[in-house]
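Please open the model in your viewer and keep the selection panel at hand. The stops below are arranged so that each selection leads to the next.

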Amino acid sequence: MIIGVPKEIKNNENRVALTPAGVAEMKKNGHEVYVQTAAGEGSGFSDQEYIAYGAQILGTIEEVYAVAEMIMKVKEPIASEYNLIRKDQLVFTYFHFASSEPLTHAMIKSEAICLAYETVEKADRSLPLLIPMSEVAGRMSIQEGAKYLEKPLKGRGILLGGVPGVPPAKVLVLGGGIVGTQAAKMAAGLGAQVTIMDVSLPRLRQLSEIMPANVMTIISNSYNIQNAIKEADLIIGAVLIPGAKAPNLITREMLKDMRPGTVLVDVAVDQGGCIETCEPTTHENPTFIIDDIVHYCVANMPGAVPYTSTLALTNATLPYAVQLANKGWKKACAENAELKKGLNIANGKIVYKEVAEAWNLPFDEELVLEPNF
Ligand SMILES: NC(=O)c1ccc[n+]([C@@H]2O[C@H](COP(=O)([O-])OP(=O)(O)OC[C@H]3O[C@@H](n4cnc5c(N)ncnc54)[C@H](O)[C@@H]3O)[C@@H](O)[C@H]2O)c1
């Protein structure tokens, strides 16, 4: 198969979907790899390294899309890429369709095969291609939150860990999944007083077993959230309902109950956000302020630490990409239920229920029900 790796063009996105080691693996399996010039630069991989492992370098993004049967990307295609994607082309990347109606319509129109990293799902319902990036974003959310709590950056001016004789900051983490767990661990490690809220009692039980003593677990409901936000210095939004828009747990009205300078980091912004006032921001302009509350809503947080993120992501995606390249998407999905779950749009039809529901569009069940297509 001919694999194409374009350079990411989303603002400050420095990750790349395939490393030189990935190129070597693809070559070993008999595939051709075309990489756009400088695609790996932001992650520390030069064109020369890609060439050394058997890739061919192309000068423009148009050439990469034109030659490839399978496109490997990191972030969802942006508007300037929509027309480069063609019928029957396999695009393996993060899509997050439930948070972008224009992207959903564009991919239906393209008649391409859209296999979304974020919905590839294991039998235990875990999301293996979301986990590594969630680990990065969860850890980063505390690093960023601590920074924006500083007064010159419009925060409350409180140090997360406090100092001897002075109480630490209070961190509220909404959602105790991968992002929430990593955030809580980091915040606790810095000495903050941490509360994790989740709707799943079994999850809270697990967390209370493994978390240090400065982490409290509380069931998530509107009453408890309403009370906790009044005292929190830093709030991390880390909820997920797979494939669907995140629920609004903090409304605009509730901002008035928070102390000025409270920092909100809505990591779930890529799924529409769990804080009503959150709008996606970029690493160039990560924050905005509403009612004296600092909002940090960067939709591609791991993009800021590409050295760590590219390796973490490609460790997880490569085994699936090799299956897709070796067998073609139909056979690979027929033989691997995890990959089949990643199919979101195929041949102009939505085949992932929550995406269809998000935009009130028809859901085509036939393709996913048919065991061998
Ligand atoms: N902004 C970024 O750069 C970035 C990077 C990685 C992940 N994310 C996003 O972060 C979010 C969380 O990802 P994750 O991997 O931790 O997901 P996860 O599935 O591991 O965890 C989500 C948790 O949210 C809980 N939850 C659901 N509804 C809730 C509610 N009403 N109140 C409290 N908890 C609730 C679930 O029970 C689950 O434990 C996702 O939207 C993901 O796309 C964003």
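Select strand 5 and strand 6 (residues 113-116) to begin: the two run parallel and are joined by four bridges. Helices (H or I, at least four residues) and strands (E, at least two) are DSSP runs, numbered from the N terminus, and two strands pair if DSSP finds at least two bridges between them. Leu90 has Ile113 as its bridge partner in strand 6. This is a predicted model, in which local features need pLDDT of at least 70 and side-chain atom pairs count only at pLDDT 80 or more, while totals for chains, interfaces and linings use all residues. Residues are numbered from 1 along each chain as its sequence is written.

**The sheet around strand 5**

Now add strand 4 (residues 70-72), which runs parallel to strand 5 and is joined to it by three bridges. On this side, Met70 stands opposite Leu90. Colour strand 5 by face: Leu90 and Phe92 on one side, and Val91 and Thr93 on the other, are all buried, and both faces are thus covered. A residue is buried if 20 or more other C-beta atoms lie within 10 Å of its own, exposed if 12 or fewer, and partly exposed in between, with C-beta atoms placed from the backbone. In a regular strand the side chains alternate between the two faces of the sheet.

Extend the selection to the whole open sheet, whose eight strands follow the order 3-2-1-4-5-6-14-15 with mixed pairing. Strand 3 (56-58) and strand 15 (349-350) are at its edges; each has a single partner strand, so one side of each lacks a neighbour in the sheet. Within the sheet, strand 1 and strand 4 pair in the parallel sense over two bridges, and Gly4 has Ile71 as its bridge partner in strand 4. Next, show helix 10, which packs on the sheet and touches strand 1, strand 4, strand 5, strand 6 and strand 14 (343-346); its direction makes about 120° with that of strand 5. Here, two residues are in contact if their C-beta atoms, placed from the backbone, lie within 7 Å. Axes are lines fitted to C-alpha atoms, for helices over the stretch in contact, and angles run from 0 to 180 degrees between N-to-C directions.

Helix 10 (306-335) also belongs to the cover of helix 1, together with strand 1 (2-5), strand 2 (32-36) and helix 2 (47-52), among others. In helix 1 (residues 20-28), select the buried residues Pro20, Gly22, Val23, Glu25 and Met26. Gly30, with a positive phi near 85°, follows this helix.

**The annotated pair**

Which residues does UniProt list for "active site"? The unreviewed entry gives His96 and Asp270. The two are spread over 175 residues of sequence, yet they cluster in space, with a largest C-alpha distance of 6.9 Å. UniProt positions are given in the numbering used here, feature names are shortened, and annotations may be inferred rather than shown by experiment.

Centre on His96, in the loop between strand 5 (90-93) and helix 5 (101-110). His96 is buried, with 23 other C-beta atoms within 10 Å. Not counting residues up to four places away in sequence, His96 touches Glu76, Glu118, Asp270 and Gln271. Asp270 lies in the loop between strand 11 and strand 12, and it counts as buried with 26 C-beta neighbours inside 10 Å. With the same sequence exclusion, up to four places away, the contacts of Asp270 are His96, Ser99 and Ala299.

**The second sheet**

Strand 11 and strand 12 lead to an open sheet of seven strands, in the order 9-8-7-10-11-13-12 and with mixed pairing. Its edges are strand 9 (215-219) and strand 12 (287-290), each with a single partner strand, so one side of each has no neighbour in the sheet. On average, neighbouring strands of this sheet are turned by 20° against each other, direction ignored.

Select strand 12 with strand 13 (residues 293-296): they pair in the antiparallel sense over four bridges, and Ile290 has Ile293 as its bridge partner. Then move to strand 7 (residues 170-174), where four of the five residues are buried, so the strand is largely enclosed by the rest of the structure. Strand 7 and strand 8 run parallel, joined by five bridges.

Finally, display helix 8 (residues 201-210), which lies across strand 8 (193-198) and strand 9 and runs at about 170° to strand 9.
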